[in-house]
Amino acid sequence: MKQSRPPEERFSAEETSVVSRHAPILRTARLTLRAPCMADFPAYAAFLASARAKGVGGPLKISGAWGYFCHDTALWELVGFGAFMMDLTETGGTVGSIGI
């Protein structure tokens with residue numbers, strides 16, 4: 001799940017969803033945790049389609065990955081918590097996702 005644009009250029013207003021208004025952005029020297037956005041879905045779906053996703057219910061077809069992705073993002077709006085995408089603070093590269 002690596003993205004090459006620097007953090008300040010990664011997400012335009014069109015890519016940022018309503019979810020980002022409900023989820024905090026947590027930054028440390030090493031990681032930045034933020035709400036998922038549509039730009040994350042291709043890498044998210046690719047991971048869930050791989051054999052590495054066995055521990056989280058995969059491998060999944062794209063429809064199953066879409067369901068997981070929608071669940072992860074909708075939780076912020078519905079209950080005030082949800083999944084985060086993990087970016088390397090220094091480079092902005094996305095390295096995974098984490099949730100409760």
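This report walks through a predicted model of a protein, from its overall layout to one helix and a small charged network.

## The overall layout

Let us begin with the whole chain. The protein has 100 residues, and 33% of them count as buried. Its secondary structure consists of three helices and four strands. Following the sequence from start to end, you meet these elements in the pattern α-β-β-α-α-β-β. If you look at contacts between residues at least 6 apart in sequence, 56% of them join residues at least 24 apart. On the outside, the protein exposes about 6,200 Å², and carbon and sulfur atoms supply 63% of that area.

## A walk along helix α3

Helix α3 is a good place to look next. Covering residues 62-79, α3 contains 18 residues. From its first C-alpha to its last, α3 reaches 25 Å, close to the 26 Å expected at 1.5 Å a residue. There is also a bend of about 30 degrees in α3, found at Thr 73.

Which residues of α3 are buried? They are Ala 65, Phe 69, Asp 72, Thr 73 and Trp 76. Thr 73 therefore appears twice in this story, as a buried residue with under 20% relative accessible area and as the site of the bend. An α-helix has 3.6 residues a turn, so residues three or four places apart point the same way. With that in mind, the list of buried residues in α3 is worth tracing on the structure, from Ala 65 through to Trp 76. The cover over these buried residues includes α2 (41-49) and β3 (84-88).

Phe 69, which lies in helix α3, deserves a closer look. Why does Phe 69 count as buried? Its relative accessibility is 3%, and the cut-off for buried is under 20%. Leaving aside neighbours within four places in sequence, Phe 69 is in contact with Pro 36, Cys 37, Met 38, Asp 40, Phe 41 and Tyr 44. Further along the chain, Ala 83 is 14 residues away from Phe 69, and the C-alpha atoms of the two are separated by 9.1 Å.

## Where the helix ends

Val 79 also lies in helix α3. Val 79 is partly exposed because its relative accessible area is 47%, which falls between the 20% and 50% limits. Together with Leu 78 and Phe 81, Val 79 forms a nonpolar patch on the surface, and the three have about 310 Å² of accessible area together. Just after α3 comes Gly 80, which takes a positive phi of about 85 degrees.

## A buried charged network

Now for the charged side chains. How many salt bridges does the model have? The count comes to two, and the table sets them out.

| Side chains | Distance, N to O |
|---|---|
| Arg 34 and Asp 40 | 2.9 Å |
| Arg 34 and Asp 87 | 2.7 Å |

The pair of Arg 34 and Asp 87 links distant parts of the chain: Arg 34 sits in strand β2 (residues 31-34) and Asp 87 in strand β3, 53 residues apart. Are these side chains buried or exposed? Arg 34 and Asp 87 are both buried, and Asp 40 is buried too. Through salt bridges that share partners, Arg 34, Asp 40 and Asp 87 are joined into one network.

Two links tie this network back to helix α3. Asp 40 is among the residues in contact with Phe 69, and strand β3, where Asp 87 is found, is part of the cover over the buried residues of α3.

How values were computed. Residues numbered from 1 in each chain as written. Predicted model: local features only at pLDDT ≥ 70, side-chain atom pairs only at ≥ 80, totals over all residues. Heavy atoms only, no water. Helix = DSSP H or I, 4+ residues; strand = E, 2+ residues; numbered from the N terminus. Expected span 1.5 Å × (residues − 1). Bend = angle between axes of the 7 residues up to and from the residue. Buried < 20%, exposed > 50% of the residue type's maximum accessible area, 1.4 Å probe, protein only. Contact = heavy atoms within 4.5 Å. Areas by Shrake-Rupley, 256 points an atom, 1.4 Å probe, with all protein chains shown as cover. Patch = residues over 30% accessible without salt bridge, like charges linked within 9 Å, V, L, I, M, F, W, Y side chains within 5 Å. Salt bridge = Lys/Arg side-chain N within 4 Å of Asp/Glu carboxyl O.
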